[in-house]
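Thank you all for making time this morning. I would like to walk you through one model, beginning with how its strands are arranged and ending with what lies inside.

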Amino acid sequence: MSIPLAPLQNLPRPSLLRPIVAVRRRHHRSHPSAVRPSLHFPNNALKYWDSFYRRHQDKFFKDRHYLEKDWGQYFSGDVGSSNGKKIVLEVGCGAGNTIFPLLASFPELYIHACDLSPHAIKLLKSHADHKETQVNAFVCNVTEEDLRDRLGPSSVDIVTLIFMLSAVLPSEMPKILQNIRGVLKPDGCVLFRDYAFGDFAQVKLKEKNRMITENFYVRGDGTCSFYFTEEFLSNLFLGAGFLTADMSIYKKQIENRLRSVTMDRCWIRGIFTKQDCRLPDSVLTST
């Protein structure tokens, strides 16, 4: 971003010009929130997400125990393959806030877990509940690396995308879906949960002029987030060869009494299949 300079005649001394520019440029490089959002941030996602996990370790995200309630029938064997042990792929696994609650509830699962951040994978492998007999954790950029080379084609029963797809450029999302489609079994499914359009965090980012492209923003730490509408998400999966089995928006009002702020949080969740599959009554009747 170019920095407008005052005319030279308005400066006290010409010698001040170079120091002023140098200070501003250093500020530009070191503080993402001080510059106009650009593709620099999503194009350097590895740098910013690795820094995120080095800074927060495994303390930032809460364990996702709600997955058992939302989708327990898929992990238990009631839906999909009936050959016993389910194979799960968690894309964007972070420090393990999804996989360890799942394994606690469904110890018969075998989970492949990948993430862009090497430090996130390091944290996951150092977790007290990590067992190589249950978890295969590896670093992977799913926008570039073919998952079939690691896992084999049509080898996974369930793919979980939990607050992962929102972190990448919208133009990169179809590549990820096509990639996971290659490792998903014919009767497999994708379980999706992420941020929805109108979420409190989106409103705040918009107020701060942090938008990179439509509904895609950069946070102050350089990580990015997209906010999905139902129409966008359905068309995105359809274009990658998936059918929408179920989709819903979940809203919750959270009050922060200390800050006197009421936050309207919005999330979107969906179930997507490669082909028609039998769904349990609890899913078919959900709103």
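Before the strands, one definition: two strands are said to pair if DSSP finds at least two bridges between them. Please keep in mind throughout that what you see is a predicted model.

With that cut-off in hand, look at β1 and β2, which run parallel and are joined by five bridges; one residue to find on your screen is L89, whose bridge partner in β2 is H112. Together with helix α5, these two strands make a right-handed β-α-β unit. On its other pairing, β2 is joined to strand β3, residues 135-139, again in parallel and by five bridges, and here I111 has V135 of β3 as its bridge partner. To get from β2 to β3, the chain passes through helix α6, residues 118-125, and this β-α-β crossover is right-handed.

How much of strand β2 is buried? Of its six residues, 110-115, five are buried, so the strand is largely enclosed by the rest of the structure.

Let me return briefly to helix α5, residues 99-105, because P101 sits within it and counts as buried, at 6% relative accessibility. The C-alpha atom of P101 is 8.2 Å from that of L67, although the two residues are 34 places apart along the chain.

Now to the interior. In soluble globular proteins, nonpolar side chains tend to be buried together. Here the largest nonpolar core has 42 residues, and those with the most contacts inside it are L161 and L165. At least two residues each come from β1, β4, α8, β5, β7, β8, α10 and β10, and α8 gives the most, with five residues. Setting aside residues up to four places away in sequence, L161 touches V91, L177, I180, V190, L191, F192, R193 and F237. Apart from this core lies another, of 29 residues, among them C93, I121, Y195 and W267.

Helix α8 itself, residues 173-183, has M173, I176, L177, N179, I180, G182 and V183 buried, and what covers these includes β1, α7, β4, β5, β8 and α10.

Finally, for those of you who think about cysteines: how many disulfides does the structure hold? It holds zero. As for accessibility, C189 is buried, with a relative accessible area of 5%, and C266 is also buried, with a relative accessible area of 5%.

Definitions and conventions: Residues numbered from 1 in each chain as written. Predicted model: local features only at pLDDT ≥ 70, side-chain atom pairs only at ≥ 80, totals over all residues. Heavy atoms only, no water. Disulfide = S-S within 2.5 Å. Buried < 20%, exposed > 50% of the residue type's maximum accessible area, 1.4 Å probe, protein only. Helix = DSSP H or I, 4+ residues; strand = E, 2+ residues; numbered from the N terminus. Contact = heavy atoms within 4.5 Å. Right-handed = clockwise from strand over helix to strand, strands pointing away. Core = buried A, V, L, I, M, F, W, Y, C linked by side-chain atoms within 4.5 Å.
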